[in-house]
Amino acid sequence: SRKLEEKMEYQAKRLETLEAKGIVAEKIIKDFSGGVCLIQGSYYFGEEVPETGAPLITYDYTGTGFLVSSDGKVLTNRHIAQPWWRMPGRHAPMELGFTPKFLEFRAFFPGVEEPFRMEVERVSDTADLALARLDTRGVELPVLEFDFRDIAVGEPVVVIGYPAGISAILARMEKAVVDELVYSRKMGFLELASELSRRSLI
């Protein structure tokens, strides 16, 4: 019937549109994912690291950063640059006079084995945004350009990042490899990220 033909034509056009959007999304990921980094941080509260070589309590976390300049500026969230921000349970040590200090604050970029040490440059007082900086060491990384055009409601977007951090990377790996790294070799938080990067899994 005519109604069935119209429905089939509509579905065919819709499929073509979805396929075209899929191709665009793949190209965006291919072209720009190299400028998106996994940020790994570990910090503690105290005056200095105890003589044992490690603080008593550390807080480990991951996040996402975006390289926005060729001289190593990385855009991220303020809660990544200052992970104790808006964390009421983490304020108690500061109220007692302890200062949060980073043990590690570094970025892993896809295809680059060694991480980049980072420093916080600026944080926003009004939004969950921050700017960090790193030394690119001469490594060529794709710089992501800002697009200030308004996005219309319903317009498709491509999201690239590491919202679930290392856990998501491990979830995509074979169980035998996860067992080796996590259980057999008992790798810690920092060591595990370095090993994943060495295997080009970030």
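Colleague: Of the residues that line the largest pocket, how many are nonpolar, how many polar and how many charged?
Modeller: This is a predicted model, where local features need pLDDT of at least 70, side-chain atom pairs count only at pLDDT 80 or more, and totals for chains, interfaces and linings use all residues. Numbering runs from 1 along each chain as its sequence is written, and side-chain values use heavy atoms, with hydrogens and water left out. A pocket is an open set of points on a 1 Å grid over the protein atoms alone where a 1.4 Å probe fits, with protein on both sides within 12 Å along at least five of seven lines, and lining residues have an atom within 4 Å of a point. The lining divides into 17 nonpolar, two polar and six charged.

Colleague: Which element gives the largest share of that lining?
Modeller: Both α1 (2-32) and β2 (59-67) supply at least two residues of the lining. The largest share, five residues, comes from α1.

Colleague: Which residues in the largest nonpolar core touch the most other members?
Modeller: Such a core joins buried (under 20% relative accessible area, 1.4 Å probe, protein chains only) Ala, Val, Leu, Ile, Met, Phe, Trp, Tyr and Cys residues through side-chain atoms within 4.5 Å. Of the 18 residues here, those touching the most others are V74, F105, F109, M118 and L134.

Colleague: Lovely! And which strand gives the most to this core?
Modeller: β1 (36-45), β2, β4 (100-108), β5 (116-123) and β6 (130-134) each supply at least two residues. With four residues, the strand that gives the most is β1.

Colleague: How many residues make up the other core, apart from this one?
Modeller: Among its members are L38, I166, M187 and L196. The number of residues in this other core is 16.

Notes:
Nonpolar A, V, L, I, M, F, W, Y, C, P; charged D, E, K, R; others polar. Buried < 20%, exposed > 50% of the residue type's maximum accessible area, 1.4 Å probe, protein only.
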